[in-house]
Amino acid sequence: MTEPSATFLLFGATGDLARRMIFPSLYNLLSDSLLPDDFLIIASGRTEMEDEAFRDEVCAALRQFLPADRYDADIAARFRAMIIYQPVDSSNGAHFAELAERVDGRLERGISVYLSTPPSLFGPTAQGLADAGLLTPKTRIAMEKPIGKDLASSKVVNDSIGHLFAEEQIFRVDHYLGKETVQNLLALRFGNVMFEPLWNATAIDHVQITVAETVGLEGRVSYYDGVGALRDMVQNHILQILSILTMEPPARMDPTAVRDEKVKALRSLRPMTAETVKTHSVRGQYTPGAVGGQIVTGYADELGQPSDTETFVALKAHIDNWRWQGVPFYLRTGKRLPARQSEIMIQFKPVRHSIFGRDGQHSGGGSGLEPNTLVIRLQPEEYIRLTIMSKRPGLERQVHLEEVTLDVSLTAAFAGQRRRIAYERLILDLLAGDQTLFVRRDEVEAQWTWIDSIIEGWKEAHMKVSPYSSGNWGPSSAIALIERDGASWHD
């Protein structure tokens, strides 16, 4: 077994992601005795700061973002003792030389580098590390999204890292893959005999994936405008969920086998054209409205100028392979929607012949015979719900059917287990060198190939954003997208 890295080098350590997620995750790993002995965290940012001042900032972030019952003063004292701060400007070779001095004597025990910076700095940072002699076969590098803004730019980013690191040393982060419920999709599909035989076009009518947010820009103006919902959410999170849902069973649970099957599914996505985007996609942008009882402004007002960037997108996708031919996949994501939720809904086909009559009973009246549905909620709650038809209790001669729900609350079922931050799993796997929950280069490029077909289709069709009031489920055309097929969104 590979020895875990003994040094964690974090670039972008003064950023919001580091404060909210990365440092609390590292603290929790220490609390659970999951970090190597003599573990060292080297935090780096462009700001000049002494070690003690930065440690104070980290401890303040822990108090702010950890649940009150997780913060322990003794553990926090141990945690701050393992942190040092080294300012680094990626264009300054002398800074990397100073960084190398602080790493001295630890190279043989492995270094995990985490890039929580803009992608434009990925290449220069990696080159600076190489010039300072910090790249060895035991050096791993993790990159936060976005990996480019299209296929061409993603290749530039990947090439800048790939000429210095072997693919098995590169860990592309999609934090959704660190969520327990996303990982549980593998267990649900391949650990239960009743699902996999039905997981195909013979039994499934359609699939919906929804990732909804109630927030607006939240200080991401400089990043989000010109990027939009398609690139920000569909290209990574939603397509990763889709690939796990639709891939063929891997031969074994190892990084290569799992990711081989995921990329096959992604490459089977049917490209869109200027014609199909008109009927298979919706672009929206939120206007003023009310979310959670609070009046909120529109996107253009937050931005301070008009924009054609979409804050909502709905898509009808198809996967052209043997398993999924003819099954539509409805994908949607957006900001300023009525609820914060991420979920998958699998709509099964109706039974081929009802022995209970047209209305779901032996004769006359009663509830209809409804197709089964499987709902997998990823957040904020975590549950799996399967609706089935059941006889309503009673002495009537007619069989009256009603839908009942088999409900498995993962939160309740594992009440004794702490709900972990997704980054805990990812950081632990990075340190151990396990790439299963990280995205391989060919996955990224397959995702961008499909996304680029949509963007190009939008341009050719001159498709503008449709307005929707904040607090609604997107433009009315998003409802029409699915209802013209005789289905409806699961809200």
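## Close-up views of a predicted model

**View 1. His95 and its surroundings.** His95 has a relative accessible area of 16%, and because anything under 20% counts as buried, that makes His95 a buried residue. Keep in mind as you look around that this is a predicted model. You'll find His95 in helix α4, which covers residues 93-103. What does His95 touch? Leaving aside residues up to four places away in sequence, the list is Gln86, Pro87, Val88 and Asp89. With Asp89 there is a polar contact too: the side chain of His95 reaches the backbone nitrogen of Asp89 at 2.9 Å. Now scroll along to Pro350, 255 residues away in the chain: its C-alpha atom is separated from that of His95 by 65 Å.

**View 2. The six-stranded sheet.** Six strands make up this open sheet, in the order β3-β2-β1-β4-β5-β6, and their pairing is parallel. β3 and β6 (170-172) are the edge strands, so to speak the ones with a partner on one side only. From one strand to the next, the twist averages 20°. Zoom in on β1 (residues 7-11) and β2, and you can follow five bridges between them, in the parallel sense. Leu9 stands opposite Ile42 of β2 there. Over at β4 (residues 111-115) and β5 (residues 139-143), five bridges again hold a parallel pair, with Val113 and Ile141 as bridge partners. Helix α2 lies across β2 and β3, and it runs at about 125° to β3.

**View 3. Strand β2, covered on both faces.** Is β2 enclosed or open? Five of its five residues are buried, so β2 is largely enclosed by the rest of the structure. One side carries Leu40, Ile42 and Ser44, while Ile41 and Ala43 sit on the other. Just before this strand, in the loop between α1 and β2, comes Asp38. Asp38 has a phi near 60°, a positive value in a residue that isn't glycine. At 53% relative accessibility, Asp38 counts as exposed, because the cut-off is over 50%.

**View 4. Helix α3 and its two faces.** Which residues of α3 (residues 73-81) are buried? They are Ile75, Ala76, Phe79 and Arg80. Around the axis of α3, these residues fall within an arc of 135°, so they line one face of the helix. They pack against α1 (16-31), β2 (40-44), α2 (51-65) and β3 (83-85). On the face turned away from the buried side, look for the exposed residues Asp74 and Ala81. At the N-terminal end, Asp72 acts as a cap: one of its side-chain oxygens lies 2.9 Å from the backbone nitrogen of Asp74.

**View 5. Phe23 in the largest nonpolar core.** This core has 135 residues, and the ones touching the most other members are Phe8, Phe23, Phe79, Ile344 and Trp450. Helix α9 (residues 228-246) gives the most to it, with ten residues. Pick Phe23 and check its contacts: among them are Leu10, Ile41, Ala43, Phe54, Leu62, Phe79 and Ile83.

**View 6. The nine-stranded sheet and its helices.** Here the order is β16-β15-β14-β13-β7-β12-β11-β8-β17, in an open sheet with mixed pairing. β16 (401-409) and β17 (466-469) form the edges, each pairing on one side only. The twist averages 20° from strand to strand. β13 (residues 341-348) and β14 (residues 373-379) run antiparallel and share six bridges; Met345 faces Val375 of β14. Helix α7 (residues 180-190) packs on the sheet, touching β13, β14 and β15 (383-391), and its direction makes about 145° with that of β14. Helix α16 (residues 476-483) lies across β7, β8, β11, β12 and β17, running at about 15° to β11.

**View 7. Backbone details in three loops.** Two cis peptide bonds are on show. One leads from Lys145 to Pro146, with omega near 5°, and Pro146 lies in the loop between β5 and α6 (151-162). Another joins Gln379 and Pro380, with omega about 0°; Pro380 belongs to the loop between β14 and β15. Then there's Arg336, in the loop between β12 and β13. Its phi is near 55°, a positive value for a residue other than glycine. With a relative accessible area of 14%, Arg336 is buried.

Technical notes
Residues are numbered from 1 along each chain as its sequence is written. This is a predicted model: local features need pLDDT of at least 70, side-chain atom pairs count only at pLDDT 80 or more; totals for chains, interfaces and linings use all residues. Side-chain values use heavy atoms; hydrogens and water are left out. Two strands pair if DSSP finds at least two bridges between them. Helices (H or I, at least four residues) and strands (E, at least two) are DSSP runs, numbered from the N terminus. Axes are lines fitted to C-alpha atoms, for helices over the stretch in contact, and angles run from 0 to 180 degrees between N-to-C directions. Contact means heavy atoms within 4.5 Å. Buried means under 20% relative accessible area, exposed over 50%, partly exposed in between (1.4 Å probe, protein chains only). The arc is that of the directions from the helix axis to the C-beta atoms. A polar contact is a pair of N or O atoms within 3.5 Å; within protein, one must be able to donate a hydrogen and the other to accept it, and residues adjacent in sequence count only if both atoms are side-chain atoms. A nonpolar core is a set of buried Ala, Val, Leu, Ile, Met, Phe, Trp, Tyr and Cys residues joined through side-chain atoms within 4.5 Å.
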